[in-house]
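Dear colleague,

Please find the structure below, followed by a short account of what was found in it.

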Amino acid sequence: MSTLPRTRTWLTAHPLAMDAALALGVLTCMLAGSFVDPHAEHPDKWGTRTPDAVGVTLMVLAAAALVARRRSPLPVLAATSALTLTELVTGDPRAPVAMAAVIALYTVASATDRPTTWRVGLLTMTVLTATAMLVGPAPWYDQENIGIFAWTGMAATAGDAVRSRRAFVAAIRERAERAERTREEEARRRVAEERLRIARDLHDVVAHHIALVNVQAGVAAHVMDKRPDQAKEALAHVREASRSALGELRATVGLLRQSGDPEAPTEPAPGLARLGELVGTFHSAGLAVDVVRADEDSTLPAAVDLAAYRIIQEALTNVQKHAGTQAKAEVSVVRVGPNVEVTVLDDGARGPAVPGSGGAGGGHGLLGMRERVTALGGTLTTGPRYGGGFRVHAILPLTSRTVRAEAPARP
């Protein structure tokens, strides 16, 4: 049982050997058929006739031509057809050389396209059948002549059916491979988007809290000798900001855990419900912030809620770093039709420099805000205000692509 599959595998890997074996089998069948006379009257028709030397030569040449049928199907069909015509004209009795032409025609039909099969098949059937009917010793309606027509027609039809099936299977396999590639590309895209989202969250968390820590530490160092009570208060704010930063970093990095890892984060992502807490941290750092909200009755999608919170956080962090300790900021969150508009303004007033504040630096804050807004299908406008200060204005649609994708998961 195990020898047959190994033999089939070896023949598939060596097509020339397979064609040689086929040619030997066809030669055997032709030689055996040349000893049978279909017109014999007694039941045992075997040995009633004997092929002549010309017939044997033609059968050997036709079988030998089949060895090259895969590499040159049309020339092999032409050669076997010519040998068959020669046998039909000169053979008496006739040898079944047409068997090789039938195999060659099947190969052409299975290896070429349908129009070629139709043209070549009709030409082969017509020429061989007409020759057999016109020049043979038997009547034109003899079964041998009809047999040539039937066998060539079946060979062309069978070859075309095999070619169609191969094309169908190849198309299915190609679609399956394309679908697999598409799934892999979609998975890579989702991974890249998730990495970008986590990177934005990390940037927002680190930029906000480290900026507050930096300012409070600078204040503590500045007043340590003269006003130790104020220094202690600043250091307490540093500790609180550090604890908050560690908590948010733990929650954000926890998203990278595998499904089986313990202690997966259960704290929800921050949103506008924590806006008062966020503003309080800036108040503690000495930044005056006024908040105006006209969306208390609105329930925002999670993605929009998080984006609005992070935009306000980053904008106020930039005010703290770049506008000075005496600056004033205004935050407004307004529901306008199908959108939520978030605006952060500052007056640009610069107070005395705090040691270590790093107010002249640059970063990726505006780029991160723009990426968040673009991911939701909204718009972001940033720039200096007339008369001084800076303005950040974001329009976040409530029915964006991301929000619709999250909608089925909401209870």
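**Salt bridges and overall features**

A network of salt bridges links R114, D160 and R163; a salt bridge here is a side-chain nitrogen of Lys or Arg within 4 Å of a carboxyl oxygen of Asp or Glu. This is a predicted model, in which local features need pLDDT of at least 70 and side-chain atom pairs count only at pLDDT 80 or more, while totals for chains, interfaces and linings use all residues. Residues are numbered from 1 along each chain as its sequence is written, and side-chain values use heavy atoms, with hydrogens and water left out.

Within the network, R163 and D160 pair at 2.8 Å, N to O. Both lie in helix α7 (residues 143-223), three residues apart, about one turn of the helix; helices are DSSP runs of H or I of at least four residues, strands runs of E of at least two, numbered from the N terminus. R163 is buried, at 18% relative accessible area, and D160 is buried as well, at 14% (buried means under 20%, exposed over 50%, partly exposed in between, with a 1.4 Å probe and protein chains only).

Helix α7 also holds E174 and R178, four residues apart, or about one helical turn. Their side chains form a salt bridge at 2.2 Å, N to O. E174 is partly exposed at 32%, and R178 is partly exposed at 39%.

A search of the whole structure finds seven salt bridges. The chain has 12 helices and five strands, and 36% of its 411 residues are buried.

Yours sincerely
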